[in-house]
Each structure stands twice: as C-alpha cells, then as structure tokens.
Amino acid sequence: MSSPDVPTYKRILLKISGEVLMGEQGFGIDMNTVKAVAEEVAEVAGMGVELCLVIGGGNIFRGLSKAAVGMERSSADYMGMLATVMNALAMQNALEKLGVSTRVQSAIQMNAVCEPFVHRRAQRHLEKGRVVIFAAGLGAPYFTTDTAAALRAAEMRCDALFKGTSVDGVYTADPKKDASATRYDSLNYMEVLSKDLRVMDASAVSLMRENGIPIVVFSIREPGGLRKVITGQGVHTVISSEA
C-alpha cells in the first residue's frame, strides 16, 4: 500500500459526470458542489500530480435522451457538447479562485471563451502544472464524454483514468436499487465488457484496454476521496489487464 503522502500516479485524467455537479438539485450547476470538487482537484494538484479533466453535460442537457424523444441525434449531441463547455467554465472559475492555474480546451472552436484543443499545447500546460479541462467531447456527434475521456487520456499519456461517480466503485448491480449488490475491488477489462457492467461505454473501455491504461472508479462525493485513492488508500475499484 502506498504512503498517504505519495501519489501512485504522476498524471491522470479525471472524468466527472455532469450529474455530480447538480448536488442535491434536480437540474443545473450547484456552485457549492463545484467548489467542493474543485477543492479535491486543487489538493491533488498541490501534491504535484498532473491533472486533466473531462466533465459530462448531463446536468444541463443529455443529447441521447433528447434524441430518443424526437430531436435529431446530431443536433442533440451538439447541444450536449455545449453543456460540457458550460460545466468546464464553471469548474475553471472555481479552481482559479483556489489559486490553481487552469486552461479549458474545447474540441469545438469558441475562442472568446476557451482555447481550441491542441495536443502539444495541452501537454505543455500539464508540464507547467496547469490543470487542463477538455470540453465539447470529441467535437462530433455519436460519441459520449466517456469515449472523449478515454481518447484524451491516451493522447495525454496518462497513467490512469479516474472516474468520479456517486458510488465508491463498481458493483454487481446498482447499489442504490439492489441492497445485495457487492463491490468489486478489481476487475479486468474483459470482465467489464462481458458482464455488461456499464462503468463506461464499451468503446471507452476497449480504448483503455488497447493502451494499457487502468480505470479507477471511486466516489467523488466523499470528502478527500480523490487524494485517498490517488495515494492507494480509500475505497475504489481498479479495472486493468492484471485484475
């Protein structure tokens, strides 16, 4: 087990679902929750960990659900991408209030509010200790933010992809609906796919498998949870080829 003060990973991509940012609300952005998540990120960045983030947009607009009720899929997905930009700007604001230098890079160009995604520029930001938030998914419809997170983690040569959720790992069933559900300490990629555990999209899991990048699933709602998990402590599930 790692020392409480020594990070297990040097560079990670943190994927946060948009729903986390709602807090106890039913919709939108709860700034107290954004501040709490920003404090978690700032603490880990202060330990010298290089961090990039991908935040979903489901708290504002979920493209797939809107497409299911009649909206044209491409239009719905583009609207979802814009929602991720709004979340990214909210997180950037919260981080910079804590003194953390942050850049937002969007897959859809909107130079008035953020940088376009440029691979080498993003690498340089990370090397300088800046937190980079990737917004607007991949800039194309039919791809989820899970897939975008997996691709960016591979492009940035991250040591792990951390998925911050509302539960403390991967369970045999939804623990909110099934009291008998049990948590896995570890899984391999093929188990996740074959058991259809839906931790992330199959394409995202496959991309992590191809690049040998572990997926760490933990609760972003637990105070200090990110720091604990990144130092090998705390409750979480690791998905890798060795599980």
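By class, how many nonpolar, polar and charged residues does the lining of the largest pocket have? The count is 22 nonpolar, 15 polar and 13 charged residues. The model is predicted. The pocket has a volume of about 1,300 Å³. Seven of its lining residues also appear under a UniProt binding-site feature: Gly57, Asp77, Leu138, Ala140, Phe143, Thr144 and Thr145. The model also holds 12 salt bridges.

**Largest pocket**

- The volume of the largest pocket is about 1,300 Å³.
- Its lining takes in 50 residues, and the closest to the centre are Arg62, Asp146, Lys163, Arg198 and Val199.
- Four helices and two strands each give two or more residues to this lining: H2 (63–68), H3 (73–97), H5 (145–155) and H6 (189–194), with S6 (160–165) and S7 (170–171).
- Helix H3 supplies the largest share, six residues.

**Annotated binding site**

- An unreviewed UniProt entry places the feature "binding site" at Gly57, Asp77, Leu138, Gly139, Ala140, Pro141, Tyr142, Phe143, Thr144 and Thr145.
- Of these residues, the pocket lining includes Gly57, Asp77, Leu138, Ala140, Phe143, Thr144 and Thr145.
- Asp77 sits in helix H3, the element that gives the pocket lining its largest share.
- Asp77 has a relative accessible area of 10%, so it counts as buried, the cut-off being under 20%.
- Thr144 belongs to the loop between strand S5 (131–135) and helix H5.
- Thr144 is partly exposed because its relative accessibility is 32%, between the limits of 20% and 50%.
- A polar atom of the Thr144 side chain lies 3.3 Å from the backbone nitrogen of Asp146.
- Asp146 is itself among the lining residues closest to the pocket centre.

**Salt bridges within helices**

- Side chains of opposite charge can pair when their charged atoms come close.
- In helix H4 (residues 119–127), Glu127 and Arg124 are three residues apart, so about one helical turn separates them.
- Glu127 and Arg124 form a salt bridge, with their closest N and O atoms 3.6 Å apart.
- Both partners are partly exposed: Glu127 has a relative accessible area of 47%, and Arg124 has 46%.
- In helix H5, Glu155 and Arg152 are also three residues apart, so they too are separated by about one helical turn.
- The side chains of Glu155 and Arg152 meet in a salt bridge at 2.7 Å, N to O.
- Here the partners fall into separate classes: Glu155 is partly exposed at 25% relative accessibility, whereas Arg152 is buried at 6%.

**Asp185–Arg183 and a network**

- Asp185 and Arg183 form a salt bridge, the closest N and O atoms being 3.0 Å apart.
- Asp185 is exposed, with a relative accessible area of 54%.
- Arg183 is partly exposed, with a relative accessible area of 29%.
- Elsewhere, salt bridges with shared partners join Lys15, Asp146 and Lys163 into one network.
- Two members of this network, Asp146 and Lys163, are among the lining residues closest to the centre of the largest pocket.

Note on methods:
Residues are numbered from 1 along each chain as its sequence is written. This is a predicted model: local features need pLDDT of at least 70, side-chain atom pairs count only at pLDDT 80 or more; totals for chains, interfaces and linings use all residues. Side-chain values use heavy atoms; hydrogens and water are left out. On a 1 Å grid over the protein atoms alone, a cavity is a set of points where a 1.4 Å probe fits but cannot get out, and a pocket is an open set with protein on both sides within 12 Å along at least five of seven lines; lining residues have an atom within 4 Å of a point. Grid points are joined across faces, edges and corners, and a volume is the space filled by probe spheres set on the points. Ala, Val, Leu, Ile, Met, Phe, Trp, Tyr, Cys and Pro count as nonpolar, Asp, Glu, Lys and Arg as charged, and the others, Gly among them, as polar. UniProt positions are given in the numbering used here, feature names are shortened, and annotations may be inferred rather than shown by experiment. Buried means under 20% relative accessible area, exposed over 50%, partly exposed in between (1.4 Å probe, protein chains only). A polar contact is a pair of N or O atoms within 3.5 Å; within protein, one must be able to donate a hydrogen and the other to accept it, and residues adjacent in sequence count only if both atoms are side-chain atoms. A salt bridge is a side-chain nitrogen of Lys or Arg within 4 Å of a carboxyl oxygen of Asp or Glu.
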